[in-house]
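Work through the exercises below with the structure open. Try each task before reading its solution.

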Amino acid sequence: THFGYETVDENEKSEKVHEVFEKVASSYDKMNDAMSFGVHRIWKHLFMQRLNPPHGTELLDVAGGSGDIAFRFLEYLKNQENPDNVPSHVTVCDINEAMLNVGINRAKKLGYTDENQINWLLGDAEKLPIESDSFSAYTISFGIRNVTRIEKALDEAYRVLKPGGRFMCLEFSQVNNELLRQMYDSYSFTVIPVMGQIIAGQWKPYQYLVESIRKFPDQETFKKMIEDAGFRSVTYENLTFGVVAIHSGFKL
Ligand code: SAM
């Protein structure tokens, strides 16, 4: 490949992903801000606005180790009137303990310690340790790209959602403007690994990051994969010219 990684088989990919997030966990927040110039916060904010969860939502946030989506979810609901005190809940599931610990520590700092509101689960998106028909919403933010068998993760998302439940995914996608794509490519191929070295002291994990973005299916292909898993009314929205996209679907 461009980045010195050989073509990896499925087991190797899982190991590689695990190693990558083990290495970047402690500098995860700093790197996100640096690489996206803080824009990932806007993308995540918009993602939550599009989900627009009502009180009573039981959310499963997969690959959610850092807690970014879970905290936004709780914050969003806190700002909506709730005269009947309907409780909501989020389960954060991640395959990597170090990433979960990043989230758990942030939760303590933010005061989100009530297990009735949030809990943390070690688990693989491809084989969720969760009963079928359990959640009213499933989110995955900058996570599905790292999963070895995307189809399996989508099948699992479908399985654990209740009928009527909503799937939402925020992920890097394909830039739709040729000139911008060229600029974006040169930025990510050259600047991101260098930033990784300077800020996080790690070069290779950020090479992996760029490579995984390039390999991820484009908006239409991913939409079709979501439909193939059984979801209906599947739509997507490009943010920042398709640098990222929000895909949404329903289990009907
Ligand atoms: N959702 C967070 C966000 O938006 O900032 C974290 C995204 S981080 C780039 C990707 C996360 O996916 C890591 O925490 C990693 O451990 C997790 N991950 C990778 N493969 C996974 C899998 N098969 N199942 C669950 N989580 C996985």
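**Exercise 1. The ligand**

How far does a polar side-chain atom of Asp94 lie from an oxygen atom of the ligand?

Solution. Keep in mind that this is a predicted model. Start at the side chain of Asp94. One of its polar atoms lies 2.6 Å from a ligand oxygen. Next, take Ser141. An N or O atom in its side chain is 2.6 Å from an oxygen atom of the ligand. Then turn to Lys44. Here an N or O atom of the side chain is 2.9 Å from a ligand oxygen. Now ask how much of the ligand is covered. On its own, the ligand has 600 Å² of accessible area, and the protein covers 97% of it. Finish with the surroundings. There are 19 residues around the ligand, and those that come nearest are Tyr28, Ala63, Asp94, Ala125 and Ser141.

**Exercise 2. The sheet**

Give the strand order of the open sheet, and find its edges.

Solution. Count the strands: the open sheet has 7. Read across them in the order β3-β2-β1-β4-β5-β7-β6. The pairing is mixed. Now look at the two ends. β3 (118-122) and β6 (232-239) each have a single partner strand, so one side of each lacks a neighbour in the sheet. Check the twist as well. On average, neighbouring strands are turned by 15° against each other, direction ignored. Last, zoom in on one pair. β1 (residues 58-62) and β2 (residues 89-94) run parallel and are joined by 5 bridges. In one of these strands, β2, Thr91 is the bridge partner of Leu60.

**Exercise 3. A helix across the sheet**

Place helix α4, then decide whether it is largely enclosed or not.

Solution. Find residues 68-78, which form α4. This helix lies across β1, β2, β3 and β4 (135-141). Its direction is at about 175° to β2. Now check burial, which means under 20% relative accessible area. In α4, 8 of the 11 residues are buried, so the helix is largely enclosed by the rest of the structure. Among the buried residues are Phe71, Phe73, Leu74 and Tyr76.

**Exercise 4. Two buried polar side chains**

Which side chain makes a polar contact with the side chain of Asn146?

Solution. Locate Asn146 in the loop between β4 and α6 (150-160). Its relative accessible area is 9%, so Asn146 is buried. Follow its side chain to Tyr208: the two side chains make a polar contact at 3.0 Å. The side chain of Asn146 also reaches the backbone oxygen of Phe142, at 3.5 Å. Leave out neighbours within four places in sequence. Asn146 is then in contact with Lys13, Val17, Phe21 and Tyr208.

Repeat the steps for Ser36. Ser36 sits in helix α2 (residues 28-36). With 12% relative accessibility, Ser36 counts as buried. A polar atom of its side chain lies 3.1 Å from the backbone nitrogen of His40.

**Exercise 5. Positive phi**

Are Phe37 and Asn85 buried or exposed?

Solution. Begin with Phe37, in the loop between α2 and α3 (39-51). Its phi is near 55°, a positive value in a residue other than glycine. Its relative accessible area is 64%, so Phe37 is exposed. Move on to Asn85, in the loop between α4 and β2. Asn85 is not a glycine, yet its phi is positive, at about 50°. At 62% relative accessibility, Asn85 counts as exposed.

Note on methods:
Residues are numbered from 1 along each chain as its sequence is written. This is a predicted model: local features need pLDDT of at least 70, side-chain atom pairs count only at pLDDT 80 or more; totals for chains, interfaces and linings use all residues. Side-chain values use heavy atoms; hydrogens and water are left out. Helices (H or I, at least four residues) and strands (E, at least two) are DSSP runs, numbered from the N terminus. Buried means under 20% relative accessible area, exposed over 50%, partly exposed in between (1.4 Å probe, protein chains only). A polar contact is a pair of N or O atoms within 3.5 Å; within protein, one must be able to donate a hydrogen and the other to accept it, and residues adjacent in sequence count only if both atoms are side-chain atoms. Two strands pair if DSSP finds at least two bridges between them. Axes are lines fitted to C-alpha atoms, for helices over the stretch in contact, and angles run from 0 to 180 degrees between N-to-C directions. Contact means heavy atoms within 4.5 Å. A residue is near a molecule or strand if one of its heavy atoms lies within 4 Å of it. Accessible areas come from the Shrake-Rupley method with a 1.4 Å probe; for residues, only the protein chains shown count as cover.
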